[in-house]
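Visitor: Could you walk me through this one and tell me how each label was earned?
Guide: Sure, have a look first.

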Amino acid sequence: MAGRLMDGEPVHTVIDTADATAWTALDIGIRERAQPQPILLPSRARIDGRRIAWDRNEGLQVISRGHAPLSKNELILALCHLDGRIREAVIDRVADFPELLPLVVIRCADWAAPVRERARPLLADALPKVSGPDLVTLAALVLRVARRGHGAFARDLLDRTLRQGRRANVEALLASEDRATRRFAHRLAVQERLLSPLRLARAAAGDDDVVIQDVCAEAAIAAVRDGAYDEVLSPLLGSRQPRVRSAGVTALRRAGCPAQAQPFLADRSGLVRACARWVLRQHGTDPLPLYRALCADPSTRDLPPAAPLGLAECGTRTDAALLVLLLGHPSGAVRAGAVAGLRLLDRADAELLLPLLDDPSPSVAREAATALLPSADRLPEAWLTLRLTADRPVHTRKAAFRLLRAQGGVAQLRAAVQLLTDEDPRLKALAGPAIQLWAVPPTGVPRGDAEVAALLNRCTHLFSDYVLTRLRQELGITE
């Protein structure tokens, strides 16, 4: 970057001037370039009334008194130079180039106190005059610099400026693409009560940042007056974000609408399901009978997929009978939920779940493998190995390999070597690490075992010569 600026290239073509991270990278890049040798300015420059020149061998040279102004690129290079005396001397010149205000923000957190002291009044004078996209960029930069040891000044200045300035400035930051800026702006808007409950609820429902979701959802509910919860609850309960829906469901208790929590008993999010159960219990309704009624008929095609898991979360081991019936449900999502529920109730019977590795739904096979992992060492290796053949679906082969790998020992090595030459890249990618991490089982392997020797010979490219030699020595295998 420094070299391009020395060659006279405009700064807006060197970096994206609307990106806060680009300004900090520019500062670091110029300083690193200056460390091994002084920066070569393209022409002589005037600093504090003295003409200076840069010499590759001698460094900064004072020539004479003069009046030559600094160009923009010369000013950038000087503002970011390794020598604090140079940064201090040129900081006031930014008044000639307001577009370089981001570098003043950085200098406000400079490690050299004289530089900070000269930069801070400049920023305090300029910041209230900035608005629109320029303010959005500066705010993001201020919040990045605030993480530094001396960064609090700029952040506090930004906070005061926004509170005392026009509301439009806060609105601009609320829509920023920078997450930290949006968080800062939403917290400030909540504290200053700049947004209506409906606006807060919509912000919580629409933002993908969990901090903003929490801040705005809580503020929206707290700001409701005269029991007018309807306009706030609608966007909260309809949000795609689980944390926001959970806040809305929890607010149903305060709103006196516990019955509206019942549909959320089978929400896809465990957090939301737990909140729905809490609301119902607070109003004297036991959710367990409701779950049992939902899962009673295994032929119900519109059964919510999370209903079986919700039943397991608050049910007893006797409810496993209902979940077993749901293993034959036409919906793969419901079958997967039933398997997950059985695992939660500690009813993951191998005889019952092992055939589900052949289920046409990948989610069912995945859940079955997860449920069977604790008992993997008791599963039939030959049966699982048959599921590794190329004629089986990929999800079945992957589930079987998970269980064979969990068995460890020679079973793991056999399965991994078999998949090492598989045509499916996803399975092949699992095989290499499984071989490299393979360890001799505690029960041991017969020394000089011919099968193990043959398996290792098929994957020598995965080991260094040293590791392979040590492994063979441990197994008593001679080359």
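Guide: Helices here are DSSP runs of H or I with at least four residues, strands are runs of E with at least two, and both are numbered from the N terminus. By that count the chain has 28 helices and three strands. This is a predicted model, where local features need pLDDT of at least 70 and side-chain atom pairs count only at pLDDT 80 or more, while totals for chains, interfaces and linings use all residues. Residues are numbered from 1 along each chain as its sequence is written, and side-chain values use heavy atoms, with hydrogens and water left out.

Visitor: What radius of gyration would a compact globule of 479 residues have, and what does the chain have?
Guide: The rule, taken over C-alpha atoms, is 2.2 Å times the number of residues to the power 0.38. That puts a compact globule near 23 Å, but the chain has 33 Å. Its C-alpha trace spans about 90 × 80 × 35 Å along the principal axes.

Visitor: Why is cysteine 80 called buried?
Guide: Buried means under 20% relative accessible area (1.4 Å probe, protein chains only), exposed over 50%, partly exposed in between. Cysteine 80 sits at 0%, so it counts as buried. Buried residues make up 48% of the 479 in the chain.

Visitor: What makes a disulfide impossible for cysteine 80?
Guide: A disulfide needs a pair of cysteine sulfur atoms within 2.5 Å. The closest cysteine sulfur to that of cysteine 80 is in cysteine 108, 13 Å away, so it is too far for a bond.

Visitor: And why does cysteine 257 have no bond?
Guide: Because its closest cysteine sulfur, in cysteine 275, is 16 Å away, too far for a bond. The disulfide count comes to zero.
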